[in-house]
Amino acid sequence: MSSANFEIKAYPEMWEELGMDVPRFEKARLMLGEAYSKTYLSQTNRPAKMAYFDEMISEIHGGRVKELLAAKAAGHPVVGTFCVYIPEEIVIAAGGVCVGLCGGSQGSVPDAEKILPRNICPMVKSAFGFKAGRICPYFQAVDFVYGETTCDAKKKTWEILDRLVPTYVMEIPQMKRERDRVLWLAEVKDFQAKVEEVAGKSIFEADLAQAIRVMNEKRRALQRLTGLRGANPAPISGKDALLIEQIAFYDEPVRFAAQVNELCDELAERVAKGEGVSEITAPRVLISGTPMALPNWKVHNLVETAGAVVVGEESCIGTRYFKDLIDENLPGMEAQLGALTDRYMKIDCSCFTPNDERIDQIAKEYRAAKAQGIIHYSLQFCHTYNIEEIKVRELCERENIPYLSIESDYSPEDVGQLQTRIEAFLEQIRG
Ligand code: SF4
Ligand code: SF4
């Protein structure tokens, strides 16, 4: 798709029916289309199979929303999510759909700031603002939103969000001891009961087994994509890989996995021929930290515009979402739910204490991606990632890894300053 004929398709009648603020949303549609063309379609030597993901963006406010509405009309629960701790397998086992709600845009922040305090994480404000301003079709389509008690900003926002859309909150413990696992398993079972109630049906062993296979397949496809990015030259840009990781949160999982695998076949051919999107000498950067929700492409865009390539995201919109699988051959619901709980407890979000496995994971991903430097990215006011950054910096000092720490929000105000810092960092890698 060329930038000349790209547009985010408009569905004003459907938006009206969903109770959205249509004139306002129309402006957002045009802005997103423009930003996408500029950031994505200007890239050279993109893999041909990125066409499917371009189409997913073009239909982001229409085609996929229609699928969700059809699922809802057929009695399947549609659950909005904000965090990778949601046990998606349970929703899928009940015939339902999970959809990650965007929280990566500056456009919805002022809507949130009319109600919430200004000095909280931009992701929380952006997500809340989409509902408060009625400018997200997904938010309007969901049966309920899944929230969790990971950080203070989120858990208190759910109480206010619940006034606008039913919000179910799952308690996530802050430590990983045996007693925390007992609590978590109980929470997983409560969530199952909630989903069964909305679906009007019970989940059985065979349903859960099938859902585990579906999610494993999707995660394996994303792992394969990550593995291919370890080649030099990188066969795909970091921006495109990030886009796929973002789309992973709202696409239909079976179709998505098939498309990622087709793309990986193309990338494998590129690797075999020694072809890539950048020069072999381009600095290779791993980005680690807070998630970059759609349409937050700010840091990747700056790094790659400066001539480097991003080769991995140690993030929830990245490997934290797909690095761990669930055993597919366990007999009985109890064993399946236990394995599911164990899998989700492996997620190394900084809301846990201690969380040293994340530091080991960053070192592992750095080596696997054959990166030459790490950028730690933290959203403003995210205390847990900002403080854990100390340990990431110490890791880099210990291992002599070029390192840069960035704290930012979604506004364009710091772009110039970030550009200067990133360019200096890349010079350090180039030596
Ligand atoms: S960073 Fe933590 S709270 Fe945020 S999505 Fe990831 S697991 Fe959830
Ligand atoms: S980035 Fe940090 S503050 Fe923001 S939602 Fe995630 S854990 Fe909470």
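## Contacts and overall fold

Among the contacts in the protein chain between residues at least 6 apart in sequence, 75% link residues at least 24 apart. Keep in mind as you browse that this is a predicted model. The chain contains 19 helices and 8 strands, and 48% of its 431 residues count as buried.

What about its overall dimensions? The C-alpha trace spans about 60 × 50 × 45 Å along its principal axes. The radius of gyration is 21 Å, which agrees with the value near 22 Å for a compact globule of 431 residues.

## Around ligand 1

Let's turn to the ligands. The residues surrounding ligand 1 include a set of cysteines: Cys83, Cys151, Cys316, Cys349 and Cys351. Val84, Tyr85, Thr150, Thr290, Pro291 and Ile347 are also part of this shell. By class, the surroundings of ligand 1 comprise 9 nonpolar and 2 polar residues, with no charged ones.

## Around ligand 2

Ligand 2 has 13 residues around it, and those that come nearest are Cys121, Met123, Cys151, Thr290 and Cys382. Helix H7 (122–132), helix H9 (152–161) and helix H18 (383–399) are the elements that each give two or more residues to this shell.

Sorted by class, the shell of ligand 2 holds 9 nonpolar, 3 polar and 1 charged residues. Two names are worth following across both sites: Cys151 and Thr290 belong to the surroundings of ligand 1 and are also listed among the residues that come nearest to ligand 2.

## Helix H14 and what follows

Here is a helix to pick out in the viewer. Helix H14 covers residues 298–305 and is mostly covered, with 6 of its 8 residues buried. Which residues of H14 are buried? They are Lys298, Val299, His300, Asn301, Val303 and Glu304, so the list takes in Lys298 and Glu304, of the kinds that count as charged.

Just after H14, the backbone offers a detail to check: Gly307 takes a positive phi of about 95 degrees.

## A look at Glu275

Glu275 sits in the loop between helix H13 (253–273) and strand S5 (284–289). Is this residue buried, exposed or partly exposed? Glu275 has 13 other C-beta atoms within 10 Å, so it is partly exposed; a residue needs 20 or more to be buried, and 12 or fewer to be exposed.

As for its neighbours, Glu275 touches Pro235 and Arg270, leaving aside residues up to four places away in sequence. In the same part of the sequence as Pro235 you will find Ile236, whose C-alpha atom is separated from that of Glu275 by 9.8 Å, although the two residues are 39 apart along the chain.

Notes
Residues numbered from 1 in each chain as written. Chains lettered and ligands numbered in written order. Predicted model: local features only at pLDDT ≥ 70, side-chain atom pairs only at ≥ 80, totals over all residues. Near = placed C-beta within 6 Å. Helix = DSSP H or I, 4+ residues; strand = E, 2+ residues; numbered from the N terminus. Contact = placed C-beta atoms within 7 Å. Rg over C-alpha atoms; globule rule 2.2 N^0.38 Å.
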